[in-house]
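The exercises below are meant to be worked with the sequence and the model side by side. Please try each task before reading its solution.

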Amino acid sequence: MSILSNKVEREELAPGDHIYSWRSAYIYAHHGIYVGDGMVIHFTRAAGQEIGTGTVLDQFLFSSSPSNSGTPCEKCGDQSNLHGVITSCLDCFLAGGNLYLFSYSVTPTFFLAKARGGTCTLAPSDSPNIVLHRAKYLLDNNGFGMYCLFKNNCEDFAIYCKTGLLVETTFSVGRSGQISSVLAAITSIMSSPLRFLTTSASGLMVFASGMYCVSRYVSDIGIRRDANKIPVETLVAQLCQGVPQTMAT
């Protein structure tokens, strides 16, 4: 792994790895857990419904569903209309994109140097056997709730499988670094009246960069105070009872 790229080759993967692949001109990345034998467990929503607008904009901007090239995959079949926790081969998961490995237990310096969110976290990963248990348990029970771009997306699923951490508040975004980065960018421009203290382009750039870094850092799952470890069995039981996974236990 390097600051410039998390790109890896398939031969480098190990069961329990959190992987991702960029979609739609690098606007958004789709995340999952590699479980071995060329297969990935991931959380999707049927194409065209990822952000809930019900328009073609959904497919263009946010694709979390395996692509359908017209010829169903021999291993997976046609998965373009599936939703929830599913398993796909690497080819279907990547959908023609490159393969990247999500990094855990990174230093604050490394985290801030990775300007793009959704690629690493300060949080440590649990052991591969625990990660695989969570992913397979959620797959068997389709137990990660309703897909929500801002609170419960594919990156949130993968991070939970790796760490067991859930955000226990209904007033916050989920674990996703991608969404945190978007909100951090907005915050860097709009959140503080301090932006009016400087009118120079360089001063505004320094201020905005500083606000962006701070917002990303405090939003990371590794340091958030509203995140707690929830056993996967407890999570599934709560969902079966209609208790949102973002509520405290």
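**Exercise 1.** Is alanine 113 buried, partly exposed or exposed?

*Solution.* Begin by placing the residue: alanine 113 belongs to helix α3, which covers residues 108–113. Next, take its relative accessible area, which is 36%. Buried means under 20% and exposed means over 50%, so alanine 113 counts as partly exposed. As a last step, look across the chain to cysteine 213, which is 100 residues away in sequence, while the two C-alpha atoms are separated by 9.1 Å.

**Exercise 2.** What is the mean pLDDT of the chain, and which of its elements have the lowest and the highest mean pLDDT?

*Solution.* The model is predicted, and its confidence should be read before its geometry. Over the chain the mean pLDDT is 78, with 67% of the residues at 70 or more. Going through the elements, helix α6 (residues 177–190) has the lowest mean, 48, whereas α4 has the highest, 97. Two stretches then deserve a careful look. Over residues 50–54 the pLDDT stays under 50, and the model has 15 contacts for them beyond four places in sequence; over residues 181–189 the pLDDT likewise stays under 50, with 17 such contacts.

**Exercise 3.** How many helices and strands does the chain have, and what percentage of its residues is buried?

*Solution.* Counting the elements gives eight helices and seven strands. Of the 249 residues in the chain, 48% are buried. To see how the contacts are spread along the sequence, consider those between residues at least 6 apart: 65% of these join residues at least 24 apart.

**Exercise 4.** At what angle do the axes of α4 and α8 cross, and which residues make the contact?

*Solution.* First identify the two helices, α4 at residues 128–141 and α8 at residues 232–240, whose axes come within 10 Å and cross at roughly 20°. Angles under 35 degrees count as roughly parallel, and α4 is therefore roughly parallel to α8. The handedness comes next: α4 passes α8 in a right-handed crossing. On the α4 side the contact is made by His133, Arg134, Tyr137, Leu138 and Asn141, and on the α8 side by Val232, Glu233, Leu235 and Val236. Sorted by class, this contact of α4 with α8 has five nonpolar, two polar and two charged residues.

**Exercise 5.** How are α4 and α5 oriented to each other, and which residues meet?

*Solution.* Helix α5 covers residues 154–163, and its axis lies 7 Å from that of α4, at an angle of about 135°. As this angle falls in none of the parallel, antiparallel or perpendicular ranges, α4 and α5 are oblique to each other. The residues that meet are Val131, Arg134, Ala135 and Leu138 in α4 and Phe157, Tyr160, Cys161, Lys162 and Thr163 in α5. By class, the contact of α4 with α5 has six nonpolar, one polar and two charged residues.

**Exercise 6.** Where does glycine 164 lie, and with which residues is it in contact beyond four places in sequence?

*Solution.* Glycine 164 sits in the loop between α5 and β6 (165–167). With a relative accessible area of 0%, glycine 164 is buried. Once its neighbours within four places in sequence are set aside, its contacts are Asp126, Arg134, Ile159, Asn228, Lys229 and Ile230. For one of these, asparagine 228, the separation is 64 residues along the chain and 7.8 Å between C-alpha atoms.

**Exercise 7.** Which value does phi take, approximately, in aspartate 37 and in serine 105?

*Solution.* Take aspartate 37, in the loop between β2 (28–36) and β3 (39–44). Its phi is near 55°, which is positive although the residue is not glycine, and at 76% relative accessibility aspartate 37 counts as exposed. Turn then to serine 105, in the loop between β5 (100–101) and α3. Phi of serine 105 is near 55° too, again a positive value outside glycine, while its relative accessibility of 47% makes serine 105 partly exposed.

Note on methods
Residues are numbered from 1 along each chain as its sequence is written. This is a predicted model: local features need pLDDT of at least 70, side-chain atom pairs count only at pLDDT 80 or more; totals for chains, interfaces and linings use all residues. Side-chain values use heavy atoms; hydrogens and water are left out. Axes are lines fitted to C-alpha atoms, for helices over the stretch in contact, and angles run from 0 to 180 degrees between N-to-C directions. Angles under 35 degrees count as roughly parallel, over 145 as roughly antiparallel, 65 to 115 as roughly perpendicular and the rest as oblique. A crossing is left-handed if the near helix is turned anticlockwise from the far one by less than a right angle, and right-handed if clockwise. Contact means heavy atoms within 4.5 Å. Ala, Val, Leu, Ile, Met, Phe, Trp, Tyr, Cys and Pro count as nonpolar, Asp, Glu, Lys and Arg as charged, and the others, Gly among them, as polar. pLDDT is the predictor's confidence in each residue, from 0 to 100. Buried means under 20% relative accessible area, exposed over 50%, partly exposed in between (1.4 Å probe, protein chains only).
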